[in-house]
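Q: Please take a close look at the charged side-chain pairs in the structure below. Where do they sit, and how do they relate to the secondary structure around them?

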Amino acid sequence: MDINKLIKENRGTIIDVRTPMEFGGGNAEGSINVPLQELESRKEELELLKKPLILCCASGGRSGQATQFLKQQGIECYNGGSWLEVNYYQTQTA
């Protein structure tokens, strides 16, 4: 799956799994903050969002963990890596 294309075409939902403090310091436009430690308790909420979910964080580590967890729950998602990369792809024209 071409994550860059998904982001450029605004398909799916961008989920930032950093802490609220980190998210408040800067985030990808339109992203939703669901901290990594809250994924399990907010699973039902995530299931209602437009798929696929594109997960991001500071460097891609936590979003990788989140992707693995959500895929095990049967939720279509991809690791978008750093929120800065996601933000960059959003500014590119398709």
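A: In this predicted model, Lys43 has a relative accessibility of 23% and therefore counts as partly exposed. Its salt-bridge partner is Glu47, with 3.1 Å between the closest N and O atoms. Glu47 is likewise partly exposed, its relative accessible area being 37%. Both residues belong to helix H3 (residues 43-48), where a spacing of four residues separates them by about one helical turn. Glu38, Arg42 and Glu45 are joined into one network by salt bridges that share partners. The count for the model comes to six salt bridges. Side chains of opposite charge can pair when their charged atoms come close.

A second pair links two helices. Arg62 and Glu22 form a salt bridge in which the closest N and O atoms are 2.8 Å apart. Arg62 lies in helix H4 and Glu22 in helix H2 (residues 20-24), so this contact ties together parts that are 40 residues apart in sequence. Arg62 is partly exposed at 25% relative accessibility, and Glu22 is partly exposed at 29%.

The next pair, by contrast, is buried. Arg18 and Asp16 meet through their side chains in a salt bridge with an N to O distance of 2.8 Å. The cut-off for burial is under 20% relative accessible area. Arg18 counts as buried because its relative accessibility is 5%, and Asp16 counts as buried because its value is 0%.

Asp16 also leads into the sheet, as this residue is part of strand S1 (residues 13-16). Both faces of S1 are covered: Thr13 and Ile15 are buried on one side, and Ile14 and Asp16 are buried on the other. In a regular strand the side chains alternate between the two faces of the sheet.

S1 has pairing partners in S3 and S2. Its pairing with strand S3 (residues 53-57) is parallel and comprises four bridges, with Leu55 of S3 as the bridge partner of Ile15. Two bridges connect S1 with strand S2 (residues 32-33), again in the parallel sense, and here Ile15 stands opposite Ile32.

The whole arrangement is an open sheet of four strands with parallel pairing, in the order S2-S1-S3-S4. S2 and strand S4 (77-82) occupy the edges and have a single partner strand each, so one side of each lacks a neighbour in the sheet. Helix H4 (residues 61-72) packs on the sheet, where this helix touches S3 and S4, and its direction makes about 150° with that of S3. Helix H5 (residues 83-91) also packs on the sheet, touching S1, S3 and S4, and the direction of H5 makes about 100° with that of S4.

The charged pairs can now be placed in this setting. Asp16, a partner of Arg18, is one of the buried residues of S1. Arg62, in turn, lies in H4, a helix that packs on the sheet. The pair of Lys43 and Glu47 lies within H3.

Notes:
Residues numbered from 1 in each chain as written. Predicted model: local features only at pLDDT ≥ 70, side-chain atom pairs only at ≥ 80, totals over all residues. Heavy atoms only, no water. Buried < 20%, exposed > 50% of the residue type's maximum accessible area, 1.4 Å probe, protein only. Pairing = 2+ DSSP bridges. Contact = heavy atoms within 4.5 Å. Axes fitted to C-alpha atoms, helices over the stretch in contact; angles between N-to-C directions. Salt bridge = Lys/Arg side-chain N within 4 Å of Asp/Glu carboxyl O.
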